Every structure is written in C-alpha cells, then in structure tokens.
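Please read the following report alongside the sequence and the coordinates. It begins at the ligand and then turns to individual residues.

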Amino acid sequence: MEWITFNDGNRIPAVGFGVFMIPNNGPTYEAVLAALKAGYRHIDSAAAYFNEEDVGRAVRDSGIPREEIFVTSKLWLQDHGYEQAKKGIARSLRKLNLGYIDLYLVHQPYGDVAGAWKAMEEAKAEGKIRSIGVSNMTPALWNRFVPQFETKPAVNQVEFNPLFQQKEIRALMNETGTKLEAWYPLGHGDASLLSNPVITQLAEKYGKNAGQIILRFEVQDGVITLPKSTNPERIRTNLDIFDFALTDEEMEKMHALDTGKGTHNPDAPGVEEMLRGAFVIED
Ligand code: A2P
C-alpha cells in the first residue's frame with residue numbers, strides 16, 4: 001500500500017474502503033472486518049452514513065493496532081456553526097469510540113462552514129482529530145470558504161474518475177497543497193468508463209481488470225481513491241494495484257479521457273436545500 005502525505009505532515013493510505021449506504025448494527029461491522037482482513041487500512045465513514053458505531057467496533061475488534069488503521073468521518077450540515085460543530089465532533093468521537101479520528105471533513109460546504117472549521121481546528125489542536133478537510137467543494141465554494149480558514153484543508157473529497165478529472169478545483173487545491181480524495185472513483189459502475197478502449201487495452205497489457213487500471217491511474221495521479229464494491233473478489237483485487245505502473249504516455253492517454261462532467265453539481269440551485277432535508281443525525 002502506498003501512503004500519501006498531507007500538507008500537515010500526516011499520512012493516509014492511498015486506497016480506502018468506503019461504507020456509504022452500508023447499514024449499522026451488523027453489515028458495516030462485517031464489511032469493515034472483511035476489508036481489514038483483505039488488507040485495507042483506511043476506512044471512510046461519515047456521521048450521515050449512520051454507521052460510525054459499527055466502524056469503531058470493527059476497528060477495535062480487528063486485532064490490528066489502532067495507529068495502523070486510518071479512519072475518516074464527516075460532520076453533517078445540521079452541525080455547522082462553531083457551537084453546534086463542537087457537539088457534532090463530540091458525537092462522532094463517542095460513536096466511533098477509537099480515541100481519536102484520523103481525518104474529519106466538512107461533508108457538505110454550505111451554511112456556517114467557517115464556524116464549523118474553527119471547532120475542527122480546535123479539535124485538531126487538542127489531538128481529538130489528527131487532520132481536517134473538506135468535501136464537495138467546487139471552485140466557487142472553495143473561493144467562498146477556504147480563504148477564511150487559518151488551517152488549509154488536508155483534502156477535498158469530491159467526485160472524480162477518468163471521465164471527470166476536476167482540473168479546475170485541482171488547480172486551486174495545488175496552491176494550498178490539498179490532496180484530492182475521489183468518491184465514485186470507478187464512475188459508480190458507468191459502463192462507458194469500464195469498457196472504454198483506452199482502459200480495456202491497458203487492462204489487457206498489464207493483466208489487470210478495468211477497475212484496477214482506473215484505480216492505478218488515480219493513485220499514480222496523486223489521488224486518494226475510495227472504490228466501492230460488494231464483491232469480495234473485487235474488494236480484494238481493487239487493492240492489488242501496486243505491482244505495476246502506467247507509463248507517462250499511458251497517463252497522458254488517461255488524462256485525455258476527461259469530459260469535465262460528473263453526476264453531482266454542488267453549485268446547482270436547490271442542492272443545499274435538498275441535502276439539508278436529507279438526514280437528521282441523532283445522539
Ligand atoms: P460490485 O459491487 O459488484 O463490485 P464507485 O466506487 O465508483 O461507486 O463504483 C462502484 C461500482 O463499481 C459498483 O457497481 C461495483 O460493483 C463496481 N466495481 C467495483 N470494483 C470494480 C472493478 N474492479 N471492476 C469493475 N467494476 C467494479
């Protein structure tokens with residue numbers, strides 16, 4: 001496994017296991033234990049995934065030392081603002097029950113983000129959170145919020161795959177040394193991506209599947225990637241991308257696949273309202 005170093009000096013495994021939509025009270029516990037057994041050392045959760053308890057329990061029960069496992073969670077919108085964010089952070093810490101959280105993100109960048117960020121900076125200073133970052137920031141949202149931050153985000157977790165390479169936001173993130181984390185890194189099963197001839201030809205050349213070529217491209221491009229799979233074989237093989245490298249020319253071909261378009265536009269009218277109504281996190 002390769003590790004990527006943040007702008008605050010901490011390190012993260014380049015491939016992580018996401019637990020979005022996996023239910024609490026059993027399924028997430030089993031999935032995280034299986035992922036750890038398969039070799040994953042990076043678990044990506046969120047308050048709004050409603051499964052922080054299971055993530056924490058699996059990490060504690062795994063027999064693997066805490067410091068060898070990297071755990072991310074995220075603050076939900078209802079907890080934006082300084083005082084409320086302190087409560088949200090305390091709730092995540094209590095539900096995960098792992099002593100500290102490796103990386104904590106502003107899940108959706110709307111409302112009093114600056115207040116929430118201040119609470120996250122304090123939690124980082126107190127050692128409750130090791131690194132802090134943001135998610136779903138477009139250039140417009142980045143320019144609205146990040147210039148107010150004292151601590152620059154370690155990451156911005158956004159939709160990313162070879163068809164949607166986020167060139168504009170990456171240029172801004174480069175100025176602060178902020179790493180990109182990819183959600184939907186395989187295009188969420190988009191057949192036009194997985195069957196793209198550039199990718200299938202590379203798969204044949206390297207004896208890998210299309211998903212592995214995509215994940216290799218992402219990691220080689222400096223991206224932290226969070227592939228989702230429910231298939232035990234693919235969960236395992238999606239980590240098996242460190243025994244080969246794409247050439248510069250092949251990386252160029254992959255870069256040329258960018259269409260600039262994804263499935264989610266955080267700037268679109270109504271998105272903030274839709275998200276605000278989507279979840280209520282309870283203590
Ligand atoms: P499955 O769960 O059957 O493996 P994303 O991470 O972009 O959301 O994509 C997830 C989708 O990609 C799921 O439908 C998953 O199906 C599929 N998938 C995961 N790994 C691979 C792979 N190595 N090759 C092809 N498809 C994959």
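## The ligand and its surroundings

There are 16 residues around the ligand, and of these Leu 186, His 188, Ser 229, Thr 230 and Arg 234 come nearest. The model is a predicted one, and every distance, angle and area in this report is a value computed from that predicted model. The space that the ligand takes up is the largest pocket.

Oxygen atoms of the ligand have polar partners in both the backbone and the side chains of the protein, as three pairs show. An oxygen atom of the ligand lies 3.3 Å from a backbone N or O atom of Pro 185, while a backbone N or O atom of Lys 228 is 2.9 Å from an oxygen atom of the ligand. For Ser 229 the partner is an N or O atom of the side chain, and the distance to an oxygen atom of the ligand is 2.5 Å. Taken alone, the ligand exposes 570 Å², of which the protein buries 80%.

## The loop between S9 and H7

His 188, which is among the residues that come nearest to the ligand, is found in the loop between strand S9 (179-183) and helix H7 (191-194). Its phi is near 55°, a positive value in a residue other than glycine. With a relative accessible area of 55%, His 188 counts as exposed, because that value is over 50%.

Gly 187 is also found in the loop between S9 and H7, but this residue is buried, because its relative accessible area of 17% is under 20%. Leaving aside neighbours within four places in sequence, Gly 187 is in contact with Asn 161 and Leu 193. The C-alpha atom of Gly 187 is separated by 34 Å from that of Lys 86, a residue 101 places away along the chain.

## A second positive phi

Phe 50 has a positive phi of about 60° although it is not a glycine. This residue has its place in the loop between strand S4 (42-44) and helix H2 (52-61). At 36% relative accessibility Phe 50 counts as partly exposed, because the value falls between the limits of 20% and 50%.

## Arg 66 and Asp 102

Arg 66 is found in the loop between H2 and S5, whereas Asp 102 lies in strand S6 (residues 101-106). The side chains of Arg 66 and Asp 102 are joined by a polar contact of 2.9 Å. A polar atom of the side chain of Arg 66 also lies 3.1 Å from the backbone oxygen of Leu 98.

Both residues are charged by name in the sequence view, yet which class of exposure does Asp 102 fall into? Asp 102 is buried, with a relative accessible area of 9%, and Arg 66 is buried as well, with a relative accessible area of 15%. Apart from residues up to four places away in sequence, Asp 102 touches Arg 66, Ile 69, Phe 70, Val 71, Arg 130 and Ser 131. On the same basis, the contacts of Arg 66 include Val 59, Val 71, Leu 98, Tyr 100 and Ile 101, as well as Asp 102. The C-alpha atoms of Arg 66 and Arg 41, which are 25 residues apart along the chain, are separated by 10.0 Å.

## Two residues at 0% accessibility

Ser 73 is found in strand S5 (residues 70-75) and counts as buried, because its relative accessibility is 0%. Not counting residues up to four places away in sequence, Ser 73 touches Ser 45, Ala 46, Ala 47, Glu 52, Ser 92, Leu 96, Ile 101, Leu 103, Tyr 104 and Leu 105.

Pro 153, in the loop between helix H5 (139-145) and strand S8 (155-159), likewise counts as buried at 0% relative accessibility. With residues up to four places away left out, Pro 153 touches residues including Asn 7, Trp 117, Ile 132, Trp 142 and Thr 178. The C-alpha atoms of Pro 153 and Phe 6 are separated by 9.1 Å, although these residues are 147 places apart along the chain.

## A partly exposed position in H5

Ala 140 has its place in helix H5 and is partly exposed, with a relative accessible area of 40%. The C-alpha atoms of Ala 140 and Phe 20, 120 residues apart along the chain, are separated by 26 Å.

Methods:
Residues are numbered from 1 along each chain as its sequence is written. This is a predicted model: local features need pLDDT of at least 70, side-chain atom pairs count only at pLDDT 80 or more; totals for chains, interfaces and linings use all residues. Side-chain values use heavy atoms; hydrogens and water are left out. Helices (H or I, at least four residues) and strands (E, at least two) are DSSP runs, numbered from the N terminus. Buried means under 20% relative accessible area, exposed over 50%, partly exposed in between (1.4 Å probe, protein chains only). Contact means heavy atoms within 4.5 Å. A residue is near a molecule or strand if one of its heavy atoms lies within 4 Å of it. A polar contact is a pair of N or O atoms within 3.5 Å; within protein, one must be able to donate a hydrogen and the other to accept it, and residues adjacent in sequence count only if both atoms are side-chain atoms. Accessible areas come from the Shrake-Rupley method with a 1.4 Å probe; for residues, only the protein chains shown count as cover. On a 1 Å grid over the protein atoms alone, a cavity is a set of points where a 1.4 Å probe fits but cannot get out, and a pocket is an open set with protein on both sides within 12 Å along at least five of seven lines; lining residues have an atom within 4 Å of a point. A molecule sits in a cavity or pocket if more than half of its atoms lie within 2 Å of its grid points.
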